[in-house]
Structures are given as structure tokens and as C-alpha cells.
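Hi,

Here is the structure I promised to pass on. Have a look at it first, and then read my notes underneath.

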Amino acid sequence: MVVTAPQQSSEIICTHERRPGTTVCLHCRHAARIAARAKRQRLMLRAGAVGIVIVTIATAGLIGATAIRGRVRDAAADNRSLQPPTIVAQANVPEVVPNLPADSTPAAPPVTQEGITKPVAASTPSTPVASVAPLSPVIPIGPSTISDGITAVRADSGVTLSFDTPMLRTRIPAKFEQFVRTTLPAVYGHGLDSLLAKIPDGAIAGQGDLISELPGRGVRIPIGAAWMLRLYPETRPGQDGPLVVRYRVAVVPTHE
């Protein structure tokens, strides 16, 4: 009985010489492995090339999009810079009329096209006022004790000083003025002493009747060209008539 070797596939043509008993050609197997490896390498190279192309296209698109956005922003900024400035209409702004000298004649009022005379606001001289008062109380806000029998209450608008004791309350103008000269520096600081020293004696309480006039009209004590101390005596009924037992004082502009 003769055993014949199995025939190889008709698709594979082996030209190598095989030894007896060998059913598979080792050379053909090796060549097939080399061919398969080369095929895999070609596929990998193709996939890598495709990936590189995709990455390149995506990078180019991203760079292009960024450049387009930058150009759009620059164009918008250029358009904003070329736009004319917005003019805001001012409503209810009073017309400023320059002050006229005392000996000058005011100009005639303008006449409109309809023949109606347009009124012109009369110019009134104004005194420039500093925005910050030159003096402010040195005592804290709220009640304070100046000395025995003298208390002060500071508020936002001024100070009220009370002295309703037998030795201090009075209806005598000279005594009240001396009390004011003594206590005002304790309220506004000792820098006020030199200013009060320039005011002649009697010039404070002598601005009117201490009981009937000054409580309503007040006392003016100038502290500069634009500011003054406005002081109001306050009374209460006494056995022989009203007595001054308090005064209110504040720093105000001179035109008030």
C-alpha cells in the first residue's frame, strides 16, 4: 500500500524542493508570513497617513476659525470707533446769565420770529461759597458735658448748649455775650479764640434785644468771607420774666 502526501491548495504553487515526508513547505510559510506582515504595515501606514490628513485639516480649520473671529472683532471695534459720539440732551438746565456791573444797562430781551418777547432771567450777584465749612464741632455727636452745669448735644445740623443753673442763666446781654465767648471755643476748638478776640465787646449780644429779638432772628458771628456762626438764644419763663437758658449754634453760609 502506497501512502501519498496530501496535495497543496491549487492556489498555492510551490516551486521549492521538499524533502520526503514534508507536507508543508517551510519556505512558502515563511514567504506567506512576510507577505502578511508587509500587508499589515501597508495598512498601518495608510491609516497613519489618513490620521495625519485629518489632524492637519482640523488644525487648519481651527486656525482659520480663530482668524475669522479676530477679524470680526477688529471690524466691530473699527465700526464703534467710527461712530459719531452720542449727544445727550440736557433737560431743565438753567441758562447761565453773566452778572452785570451795577452801572451797566441790561440788554434788551430777544425777540423770536413770531414777535413774542422772550423773557430774560434777571442776574443776581452771588457770593462763591466753599464746599466745606471751615469749622466743625470738636465734641462727639450726642450729649456731652462741657463743665459743671453746662451740657451740649451735638446733632448733624448744629449744637445745642444748655446752662440752666442759677449762676449761668441770665437776661443780661453783657453776661450772655461773655458766656458765649467762653463756651464757643469748647464747642468748636480753641482756634476760635483768636477769631472772637477780633470782635469788639458788645458786638455779639448788641445785634438786637436779647429776650425779644435775638431768639427769633439769631446772632451772626462771621468766621470768613463765605461762612458764619448763626447763634440763637433760647429762653424759658422766670420769676421776673424770661431767662436765657440755652443757645443753638451752627456753621452756615453767609447768604443764609
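Below is what turned up, going from the overall layout to the core, the rings and the charged pairs.

One thing up front: this is a predicted model, so please read everything here in that light.

**Layout**

The protein has four helices and six strands. Starting at the N terminus, the order is α-β-β-β-α-α-α-β-β-β. Of the 256 residues, 22% are buried. Among contacts with a separation of 6 or more, 46% are between residues 24 or more positions apart. As for the surface, about 19000 Å² is exposed, and carbon and sulfur atoms supply 60% of that.

**The core**

In soluble globular proteins, nonpolar side chains tend to be buried together. Here, the largest nonpolar core has 29 residues, and Leu184, Leu229 and Tyr247 are the ones with the most contacts inside it. Quite a few elements chip in: strands S2 (150–154), S3, S4 (219–222), S5 (227–236) and S6, plus helices H2 and H3 (192–197), each supply at least two residues. H2 gives the largest share, with six residues.

**The rings**

Tyr247 is worth a click, since its relative accessible area is 0% and it therefore counts as buried. Which residues do the ring pairs link into a cluster? They are Phe163, Phe176, Phe179 and Tyr247. A search of the whole structure finds four aromatic pairs, and two that involve Tyr247 are easy to look up:

- Phe163 with Tyr247 is a tilted pair, 6.3 Å centre to centre with 50 degrees between the planes. Phe163 sits in the loop between strand S3 (159–162) and helix H2 (173–188), while Tyr247 is in strand S6 (residues 243–253), so this pair ties together parts that are 84 residues apart in sequence. Phe163 and Tyr247 are both buried.
- Phe176 with Tyr247 is edge-to-face, again 6.3 Å centre to centre, with 85 degrees between the planes. Phe176 belongs to helix H2 and Tyr247 to strand S6, so parts 71 residues apart in sequence are tied together here. Phe176 is buried as well, because its relative accessible area is 0%.

**The charged pairs**

Side chains of opposite charge can pair when their charged atoms come close. The count comes to seven salt bridges, including these:

- Glu234 and Arg246 meet at 2.8 Å, N to O. They link distant parts of the chain, with Glu234 in strand S5 and Arg246 in strand S6, 12 residues apart. Arg246 has 29% relative accessibility, so it counts as partly exposed.
- Asp164 and Arg169 have their closest N and O atoms 2.9 Å apart. Are these two buried or partly exposed? Asp164 is partly exposed at 36% relative accessibility, and Arg169 is partly exposed too, at 23%. Salt bridges with shared partners also join Asp164, Arg169 and Arg236 into one network.
- Arg217 and Glu213 have their closest N and O atoms 3.3 Å apart. Arg217 is partly exposed at 41% relative accessibility, and Glu213 is partly exposed with a relative accessible area of 37%.

If you open one view, I'd start at Tyr247: it is among the residues with the most contacts inside the largest nonpolar core, and it is also part of the ring cluster.

Cheers

Note on methods:
Residues numbered from 1 in each chain as written. Predicted model: local features only at pLDDT ≥ 70, side-chain atom pairs only at ≥ 80, totals over all residues. Heavy atoms only, no water. Phe/Tyr/Trp six-rings, centres within 6.5 Å; stacked < 30°, edge-to-face > 60°. Buried < 20%, exposed > 50% of the residue type's maximum accessible area, 1.4 Å probe, protein only. Core = buried A, V, L, I, M, F, W, Y, C linked by side-chain atoms within 4.5 Å. Salt bridge = Lys/Arg side-chain N within 4 Å of Asp/Glu carboxyl O. Contact = heavy atoms within 4.5 Å. Areas by Shrake-Rupley, 256 points an atom, 1.4 Å probe, with all protein chains shown as cover.
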